[in-house]
Amino acid sequence: MESEIEPIIQLTLKSTENKINPNNKKYCFEIFGYDFMIDQNLKPWLIEVNTNPCLEETSKLLKQYIPRMIDDAFKLTVDQVFPNNNTAAGTKFPVEGYSEANMWKLIHQLKTWSYRY
């Protein structure tokens, strides 16, 4: 499934590359929310892309994922420009049931999905 989702995301970003950063600013980033539906054959279908995704922690699952996602976004962007040598910078945001340090790698390896709220 990973091999099918990533090209869809790349195509959407390619189609808007001249609009995302029209002033060609060196340091900027944006978080997008991609909504996919997975059919019975595990084929992903893009429903929509949100440029202002909701970051409400409205479920137990989101209370684990959202802080981790925000931390990862800052590690990939802000921390690259302003490295933080503070001891608090090593804060971990564990996700229940996952011991893998690289959660994204683990998620990409999954072949089936199930959610319980």
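Mentor: A charge is said to sit over a ring if NZ of Lys or CZ of Arg is within 6 Å of the ring centre and within 35 degrees of the ring normal. Please keep in mind throughout that this is a predicted model.

Trainee: What makes the charged end of Lys43 count as sitting over the ring of Trp45?

Mentor: The charged end of Lys43 is 4.9 Å from the centre of the Trp45 ring, and the limit for that distance is 6 Å, so the distance condition is met.

Trainee: Why is the pair of Phe29 and Phe74 called edge-to-face?

Mentor: Two aromatic pairs are found in a search of the whole structure. In the pair of Phe29 and Phe74 the ring centres are 6.2 Å apart and the planes stand at 90°; since rings pair within 6.5 Å and planes over 60 degrees apart count as edge-to-face, the name follows from these values.

Trainee: What makes this a pair that ties together parts 45 residues apart in sequence?

Mentor: Phe29 lies in the loop between α2 (17–20) and β1 (33–38), whereas Phe74 belongs to helix α3 (residues 60–76), so the contact joins parts that are 45 residues apart in sequence.

Trainee: Why is the pair of Tyr34 and Phe36 called stacked?

Mentor: The rings of Tyr34 and Phe36 are 6.3 Å apart, centre to centre, with 15° between the planes; because planes under 30 degrees apart count as stacked and centres must lie within 6.5 Å, this pair satisfies both conditions.

Trainee: How do you know that Arg68 and Asp72 form a salt bridge?

Mentor: The N to O distance between the side chains of Arg68 and Asp72 is 3.5 Å, and the cut-off is 4 Å, so the contact qualifies as a salt bridge. Both residues lie in helix α3, four residues apart, which is about one turn of the helix.

Trainee: Why are Arg68 and Asp72 called buried?

Mentor: Arg68 has 12% relative accessibility and Asp72 has a relative accessible area of 13%; because buried means under 20%, the word applies to Arg68 and to Asp72.

Trainee: What makes Asp71 and Lys75 a salt bridge, and how is each one classed, buried or partly exposed?

Mentor: The closest N and O atoms of Asp71 and Lys75 are 3.0 Å apart, which is within the 4 Å limit. Asp71, with a relative accessible area of 17%, is buried, whereas Lys75, with 32%, is partly exposed, because values between 20% and 50% are classed as partly exposed.

How values were computed
Residues numbered from 1 in each chain as written. Predicted model: local features only at pLDDT ≥ 70, side-chain atom pairs only at ≥ 80, totals over all residues. Heavy atoms only, no water. Phe/Tyr/Trp six-rings, centres within 6.5 Å; stacked < 30°, edge-to-face > 60°. Helix = DSSP H or I, 4+ residues; strand = E, 2+ residues; numbered from the N terminus. Buried < 20%, exposed > 50% of the residue type's maximum accessible area, 1.4 Å probe, protein only.
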